[in-house]
Amino acid sequence: MENTSLAHHLILAGLLFVLGLTGVLVRRNLLVVYMCLELMLAAATLALVAFSRFNRTMDGAVLVFFVITVAAAEVAVGLALIVALFRKRGTVQSDALTTLRD
Amino acid sequence: MPDGLFIFFAALTLGAALLLVVSRNAVTSAMGMILALVGVAAEFFLLDAYFLGVLQVLVYAGAVMVLFLFIIMLLDTEDATGAYPWKTAALGLATFFLLAASVLWLFHWSGAVSAVKAGSTPPELSVNPAEFTTAAKSFGRLLYTKYLLPLEIAGFLLLVALVGVVSLSKDNPETKA
Amino acid sequence: MPSDLSSLVHWILFLPLGAAALSALFLRRAGGLAAWLSTGTAFAIAGLSLNLLSKGVDVTWHVELAKFGGISLGFGYLIDANARLMLFVVSFVAAWIHLFSVGYMKEDTARGRFFAGLSIFMFSILGIVVADNLLMTFIFWELVGFSSYMLIAHYFDKDYAAAASKKAFIVNRIGDLGFILGIAMCLSLYGTLDFVALKDHAAAAKTIPVAVGALLMCGFLGKSAQFPLHVWLTDAMAGPTPVSALIHAATMVAAGVYFMARVSFLLAPDVLQFIAVSGAGMAALAGLCALAQTDIKKSLAYSTLAHLGIMGCAIGLGHPALALMHMAMHAFFKATLFLGAGSVIHGCHHEQDMLKMGGLLKKMPLTAVTFIAATLSNCAVPFLAGWYSKDAIIEAAYHDGRFVIFAFLALAALATCLYSGRMIRLVFLGEANSEEAAHAHESPWTMTLPLVVLGLVYSVAGGFLASTLLPAGSLQPIKPALDAIAFHLNAPSTIVGLFSLVVGFFGALKFYGVVRGADALQVVSPRTYHLLEHRWMDGLYRWYVDSVQRRASEFVAFLDLLIINGVAVRWIGGGVPAVLGYLTGRSFHRGQTRAYALWIVVGTLFLAWFLIAR
């Protein structure tokens, strides 16, 4: 532990975030896209915890607690939306959802 | 050279995340996601945030991912078939390396992070900071004192989400195509 | 105790809102419960208003909602003598109309919605009455427009009802545009919207800009169906009859008159002149047009237009108190007339054509007696309610030396007697002209009781009340004028009134008895009938929209296509995304979620770079 610095954790968090972002950009399946979004959120919480640990304050960690709470609520609503979308359109592939064009 | 455990869990997390992104099967993706979240939880442990690590495993890797798997099974979506989308993959790879390079530049090569001394809080963030402890008790104390209002709002948000989900998933005949 | 009284006003204002919310949210399927809840509330308000009236004390109460610089927006009450009178009239008439609706709407499946609508209307109109500033008035003014729209469209599955509600709403929008501009002008000129403060400013200033009054008048033109925005009122009869009685005869259209009386200090002489002339003209014309309507409700609607013209004329002559008094009297007898018409329609199995009625005096005696009493009041038979106020206005016109207006008003009085006699003759006398009329039956007590109360008590004894009970403060300024006409039968107005009564009323009774099953005027002189029946203003508006407005909008659309789309968007706005889209190998606007996400990322990176590089 003594050997790892703040920068190491931030790089890990950043790479995780970028991976999630890439997934959001390239994947077509909305469920996978949604999981990638959650991954980005997890990366952000990792950065927060790292800051909290290295700054010796508790506030970042408490913020992570709230992020997890909000993410749980968000997942529930988002999945309900995807289910509703699937019921209406019969697909969860983002290519098929181009109604916004018109 | 960083700690061996850190390297191990970092590799695990990134590998699992890669599996999540590239797998053409949604269930495999979800498995990768669970693994990645467990990896993040392990990093929390390494950062002395034991309570958050437990919470991450319980809420995220547990409840949320079970919900995801449940929905994947329920919708029973077809796997991606046909020719491998090389063009998209190449675009994704390019995006990833571009962004990853910028991350490395920002956190490592620019030297901005290592210039900050450990424990030195920027002045604007040092308003009434809470002392860092590893005890779960300190979370409770903070949540019911300094962060009481956000806690209430979060509780209310959960209620709203609950109501919203019920209303969204009601079998409304109008939403059927 | 002022604080006690302001809580009384709270109750008056918010009881109907509570009833409306309860009905709309929980009682959509329990129509009977909603009906009695709404009716009970209306009677409670009537009792509270009577209490307030009998106390005869001014109430002011104000709470500031928002403050922008020196401009304060608030919510408050300003209950003066006029407001007390208006509160009482509105709530009292409304209470009995609610009771009438319980019987009239018994078989309707959407009673919950209907009574929720009535209650929300009560809330809105009472808000206008008690409001102490222009903004609050405007908000409730729009709420009244909305509830009127909703209630006209009660039978929304009928095309004509849907069209009529839209027409009413849109025509009112035109007036309200002027209204809101007037409010903005008041704000910029005087820096306040408060009635009391505005009055002080107006008193301090030597002259009031014509534009302020003219713009505020636009709202009145729309809401009170004054010329040239009167076209919506006759179509609004597509709503249920109690709605026509409450909103489109007794209260809402009168709210415009009340508002004009409230801001009369802001009206420049030119504005007053316009209101007086157009009001008097419309009174005469609408009265004549009522002769060419076979639908009993439409005929009554024209009669309402005529009376609104008379009220407007009184405002224009500078006698707001007279206008308010006529508003009160008119509310009582016109509500009775409409309710009577509703009872007749109900009894004749939803037949509205007067030519198919006849001989209902024997079949529906209670309805007939009250209807005739209200009609006589409408014709200003001496010592009935309408006589006191209408003749006072005619007398005032003569007294002020406005002989053109006097002539128009005299013509209006004659026309009133003509269509009243025609209505009585066609509906109640003679023989039944259709199966429905032959098998007519008297209505249940919930419908006849309001008729008896409103019709007999107020149409007949209204004059007595006008000179004794109501003047407890409210009509004091015009008491001498009232006394002058009430006891001098040789006054010009009395002579005109009696002449038109004898010639018009009895002439009509005789004239329309000649032909059966058809309109006598149409038989004798088809061209005159057509002249009166044809809706000239609607034709004018259609021509304007078709030929002028459409052409103009097509021209503007062309300019938009040429300049905005062609030059601005395609060259500048279109250029940047086109280049970027070319670079990424995809078009910018294909509705692809992923493409949007990509642009979000690009934007975020740009922002991050900007923040870091700073």
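Here are a few exercises on this predicted model, each with a worked solution.

Residues are numbered from 1 along each chain as its sequence is written, and chains are lettered from A and ligands numbered from 1 in the order in which they are written. Because the model is predicted, local features need pLDDT of at least 70 and side-chain atom pairs count only at pLDDT 80 or more, while totals for chains, interfaces and linings use all residues.

**Exercise 1. Take stock of the chains**

Task: work out how many helices and strands chain A, chain B and chain C have, and what share of each chain is buried.

Solution:
- Step 1. Start with the elements, which are DSSP runs numbered from the N terminus: helices are H or I with at least four residues, strands are E with at least two. Chain A has 3 helices and 0 strands, in the order α-α-α from the N terminus. In chain B there are 7 helices and 0 strands, running α-α-α-α-α-α-α. Chain C comes to 27 helices and 2 strands.
- Step 2. Next, look at burial (buried means 20 or more other C-beta atoms within 10 Å of the residue's own, exposed 12 or fewer, partly exposed in between, with C-beta atoms placed from the backbone). Of the 102 residues of chain A, 55% are buried. For the 177 residues of chain B the figure is 26%, and for the 614 residues of chain C it is 52%.
- Step 3. Finish with contacts (C-beta atoms, placed from the backbone, within 7 Å). Among those between residues at least 6 apart in sequence, pairs at least 24 apart make up 49% in chain A, 45% in chain B and 81% in chain C.

**Exercise 2. Describe two helix pairs**

Task: find how α1(A) and α2(A) cross, then do likewise for α11(C) and α14(C).

Solution:
- Step 1. Axes are lines fitted to C-alpha atoms, for helices over the stretch in contact, and angles run from 0 to 180 degrees between N-to-C directions. The axes of α1 (residues 6–26) and α2 (residues 30–55) of chain A come within 8 Å and cross at roughly 165°.
- Step 2. Now classify the angle: under 35 degrees is roughly parallel, over 145 roughly antiparallel, 65 to 115 roughly perpendicular and the rest oblique. α1(A) and α2(A) are therefore roughly antiparallel.
- Step 3. For handedness, a crossing is left-handed if the near helix is turned anticlockwise from the far one by less than a right angle, and right-handed if clockwise. The crossing of α1(A) and α2(A) is left-handed.
- Step 4. Sort the contact by class (Ala, Val, Leu, Ile, Met, Phe, Trp, Tyr, Cys and Pro are nonpolar; Asp, Glu, Lys and Arg charged; the others, Gly among them, polar). The contact of α1(A) with α2(A) has 22 nonpolar, 3 polar and no charged residues.
- Step 5. Turn to chain C, where the axes of α11 (residues 252–262) and α14 (residues 320–347) come within 9 Å and cross at roughly 160°. This makes α11(C) roughly antiparallel to α14(C), and their crossing is left-handed.
- Step 6. α11(C) contributes C:Ala254, C:Val257, C:Tyr258 and C:Ala261, while α14(C) contributes C:Pro320, C:Ala323, C:Leu324, C:Met327 and C:Ala331. By class that contact has 9 nonpolar, no polar and no charged residues.

**Exercise 3. Map the side of chain B that touches chain A**

Task: which element of chain B gives the most residues to this side?

Solution:
- Step 1. The contact takes 75 residues from chain B and 64 from chain A.
- Step 2. Elements of chain B that give two or more residues include α1 (4–22), α3 (50–75) and α7 (148–169).
- Step 3. α3(B) gives the most, with 12 residues.
- Step 4. This side of chain B divides into 54 nonpolar, 16 polar and 5 charged residues.

**Exercise 4. Compare two positive phi values**

Task: are B:Asp48 and C:Ala225 buried or partly exposed?

Solution:
- Step 1. Most residues other than glycine have a negative phi. B:Asp48, not a glycine, has a positive phi of about 65°, and C:Ala225, not a glycine, has one of about 55°.
- Step 2. B:Asp48 sits in the loop between α2 and α3 of chain B; C:Ala225 is in the loop between α8 (210–223) and α9 (231–235) of chain C.
- Step 3. B:Asp48 counts as partly exposed because it has 17 C-beta neighbours inside 10 Å. C:Ala225 has 30 such neighbours inside 10 Å, so it counts as buried.

Note on methods. Contact = placed C-beta atoms within 7 Å.
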